[in-house]
Amino acid sequence: MPSKAKTGKKLVIVESPAKSKTIAKYLGEGFIVEASIGHIRDLPQPSELPAELKKTSVGKFAVDIDHDFKPYYVVSPDKKKKVTELKAALKDADELYLATDGDREGEAIAWHLLEVLKPKVPVYRMTFGEITKEAIQRAMGNLRDVDTALVDAQETRRVLDRLYGYEISPVLWRKVARGLSAGRVQSVVTRMVVDRERERMAFRAASYWDLTGQFGADAGSFKAKLASVDGAKVASGRDFNDDGVLTSKNVAHLNEELATSLAAGLQNAEFRVRSVDTKPYTRRPAAPFTTSTLQQEAGRKLRFSSKSTMQVAQRLYENGYITYMRTDSSSLSDEAVTAARRQASELYGPEYIPQSPRVYTGKAANAQEAHEAIRPAGDSFRTPAQVAKQLSGDEFRLYELIWKRTVASQMADAKGSTATIRLGAVATDGRDAEFSASGTVITFPGFLAAYEEGKDETRGDDDSDEARRLPNVAKGDALTAADIIAIGHETSPPPRYTEASLTAELEKKGIGRPSTYASTISTIQDRGYVRKQGSALVPSWIAFSVIRLLEQHFSDYVDYEFTADMEGDLDKIANGQAVGASWLRHFYFGEDSDPGLLSIVNNLGEIDAREINSIPITDEITLRVGKFGPYLESSAATVDAKTGEIVESARANVPEDLAPDELTAAKAIELMETAAPEERVLGTDPHTGHTIVAKNGRYGAYVTEIIPEMTEEQIANQPVEYYKNGKPKPPKKPVKAKPRTGSLFTSMTVESVTLDEALQLMSLPRVLGEDAEGNLITVQNGRFGPYLKKGTDSRSIGSEEEIFTITLEQALEIYSQPKQRGARAAVPPLAEFGPDPVSEKNIVVKEGRFGPYITDGITNITVPRATSLEELTREQAVELLAEKRAKGPVKRTPTRKAPAKKKATAKK
């Protein structure tokens, strides 16, 4: 067979279309750049496996657990067309370059492309940390083969997550709630948020007092704070533990009485300076950004969520503005160091750069140092002003942050001095009071001229030195005193995690990978385990149940150290020091005295679901996590105030926006006392004989009928059906009739609604009659108020009461008027973002049936649960609409009727 003629074409495959457009600009003639659009194949759901595999060792996980945990991969249905296109492009190419990202995920994408495309031409692996002309040229000179160790590590992680999720999640379904999921990292991150809330719930505040005063000298005045009384340090917040107990020894704990009497006794005292201490001040710049520190700082300074930060950073990287954004290295290349120092010198002066370049190394647990830090792309950096017109608002702000941090990292230390003045006097009751004031003066800003790192909320007193200049005083100088006042304080509980502080803690503990932090934090919000309250992360009660079950029965798998060790093991596999199949075998099947996951799942024993889903609030009130949400239940018998009857196990719903640490004993008692009755019997329907009741449901109050179940005698007296052989069929289980229901009007309550009103509500929709064409017109109540309905034409009416009074003539009059499109337009949108760049229609956020959604009037997309409306930006809205458009309309599978059976041909 003759060999294929040379075409001179070279096929380059990257992951994304944006990356392909950028790289194409820097490659020479003859290169064709295509995008795989992420992974082209993955593990299928076990239900999608071929029938012959479902009963084999592959069937449970789509992984062959009996043969080295070999995955059963399939090309994703939405990627089959793409694979066909890539194969066609490869036919015309003489060489194949796999230019996916250089991390484990990118290496795995390259390997899957090799496996599926089966190229018969030379194949080269090309990686680069930034998309610039210089970087592409360097990459072409450093081609290599696919790194099978990196592929093994990614595949091991993928299989590990499948084993973990598919074995543990079903336990959560059975014992907590359907639809829940467990994940190797997500469950541990959820535990961290729950643990912090537990600390807040257990916290007991302690009170303490101190004094402040305004003191004057010839050189000026300053504010000082009480430091000691009779030589003993004054107690502050950090001297107490979380139980409210004073733990520090030899401190003066002032209460209100002691503090106010001391303040009174110092009003006319003679204050003098007792000491002046001056020390040099030096501050070094922060290291260049890693993935983790970028997410933290963008959260603090730009109010970006971790997910938004990574989306914007991805666009900046793919369009050639920054280096690769998934890295845990803080080091810079020699070219980047030179560029940063040169730019700092040009912008701020040569005195603003140190004599020798700064070198940074990672401090995080399990840091891989595989890539360079995140920095502006290129061997010379573009300033924010030079790229402003090319970037969107969010892109510009993130680029500016990265540029400032990078340049500042190679600048000189900030220099100055810190002065501390101690002054004192003796009160009228003989107590010696000493005050202290500190101030820092920056004499040379150094890197601060370019950038200053943000800080997360911390506990305790803020004793940091203020950037203020204290007056020039000397020991023994007399001072005037004014406004000496006593101030009371309370210790504060541990602050809740924000996305930034949670990311920092994950990195510190070595849990997960920086590249997955954003998706993990987003996932625990999407799953309903955590919600945002402002910027704070608050766990749901269902998260408490999930973590309690996992701690009691899968303790290792939510243990911080165990999870960090797994990351270390995956690193060893990536470095070729271990083999994935052997590690998975030990993890799943266990070894000697170390049980594997399979053994733990098979020997769980009896799990008390009620106990798992119960949290005592007081001796008599317990919070329970139920099918329809959390509620309180009292074990004490209570008396109904209206009927005088004893009610066992009284219940009360827990407001959705009430954080767990806010559900104190007092709050629980208040909720129980103010809870509306769950159910009230209204009477009997005279037509059916069914009991009619009013109830408080999760989605509001409603009325319904209680349909009695058939008795055994009634079931036995049903007509008997027979099989073809003449034998009687067993009695059919009766189909449970659906009760009539009706939501209460806004003017009604469970306590006030009457039987007649209930029967009216359950009779809806009410038929008014027909129009001239014979179309039926009805009136009913809906989610957005009362309305008329004629076929598919709906018209709103004024009030709920009109439902029972409106006539056919009035309805026909309403239908005779032109339909007012957007009659509800008086309700303003939740947010507006201006015209969409594609449709040129105005982008708004509206409240919909399933929550807020973004729309331009043509395309709709639900606002992700992990993104609050306050955080949503125009760029995110445009991107979400673009992604929805790219996916196209939802394909609905038509219902297929079974083909009619052919009649058998009569034999002649």
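This section describes salt bridges, helix contacts and strand pairing in a predicted model.

Across the whole structure, the search returned 49 salt bridges. One of them joins the side chains of R315 and E395, with an N to O distance of 2.8 Å. R315 belongs to helix α10 (residues 306-318) and E395 to helix α13 (residues 393-409), so this salt bridge ties together parts of the chain that are 80 residues apart in sequence. Both partners fall under the 20% limit that defines a buried residue: R315 counts as buried because its relative accessibility is 17%, and E395 counts as buried because its value is 12%.

E633 takes part in a salt bridge with R610, the N to O distance being 2.9 Å. This pair links distant parts of the chain, since R610 is located in helix α20 (residues 609-612) and E633 in strand β23 (residues 629-634), 23 residues apart. The side chain of E633 also meets that of R651 in a salt bridge, here at 3.1 Å from N to O. R651 is part of strand β26 (residues 651-653), whereas E633 is in strand β23, so the contact ties together parts 18 residues apart in sequence. E633 itself is buried, with a relative accessible area of 7%. The arginines are assigned to another class: R610 is partly exposed at 48% relative accessibility, and R651 is partly exposed at 34%.

The strands that carry E633 and R651 belong to an open sheet. Four strands make up this sheet in the order β21-β22-β23-β26, with antiparallel pairing. Strands β21 (614-616) and β26 form its edges, each pairing on one side only. From one strand to the next, the twist averages 25°. Strands β23 and β26 run antiparallel and are joined by 3 bridges. Within this pairing, Y631 has N653 of β26 as its bridge partner. Helix α21 (residues 665-674) packs on the sheet, where it touches β22 (621-626), β23 and β26. The direction of α21 makes an angle of about 85° with that of β23.

Helix α4 is involved in two of the helix contacts described here, with α3 and with α6. The axes of helix α3 (residues 80-91) and helix α4 (residues 104-117) come within 11 Å and cross at roughly 75°. An angle between 65 and 115 degrees counts as roughly perpendicular, and α3 is therefore roughly perpendicular to α4. On the α3 side, the contact is formed by V83, L86, K87 and L90, and on the α4 side by L113, V116 and L117. In composition, the residues of this contact comprise 6 nonpolar, no polar and 1 charged.

The axes of α4 and helix α6 (residues 148-175) come within 8 Å, with a crossing angle of roughly 100°. These two helices are therefore also roughly perpendicular to each other. R104, E105, E107, A108 and W111 of α4 meet L150, V151, A153, Q154, E155 and R157 of α6. The residues of this contact divide into 5 nonpolar, 1 polar and 5 charged. E105 and R157, which appear in the contact between α4 and α6, are also members of a network of salt bridges that links E105, R157, D161, R184 and E567.

Further antiparallel pairing involves strands β31, β32 and β33. Strand β31 (residues 766-770) runs antiparallel to strand β32 (residues 776-782), and 4 bridges join the two. In this pairing, E770 stands opposite L776 of β32. The two strands form a hairpin with 5 residues between them. In the turn, G774 has a positive phi of about 85°. Strand β32 also pairs with strand β33 (residues 785-790), again in the antiparallel sense, over 6 bridges. There, V779 stands opposite L788 of β33.

Conventions: Residues numbered from 1 in each chain as written. Predicted model: local features only at pLDDT ≥ 70, side-chain atom pairs only at ≥ 80, totals over all residues. Heavy atoms only, no water. Salt bridge = Lys/Arg side-chain N within 4 Å of Asp/Glu carboxyl O. Buried < 20%, exposed > 50% of the residue type's maximum accessible area, 1.4 Å probe, protein only. Axes fitted to C-alpha atoms, helices over the stretch in contact; angles between N-to-C directions. Parallel < 35°, antiparallel > 145°, perpendicular 65-115°, else oblique. Contact = heavy atoms within 4.5 Å. Nonpolar A, V, L, I, M, F, W, Y, C, P; charged D, E, K, R; others polar. Pairing = 2+ DSSP bridges.
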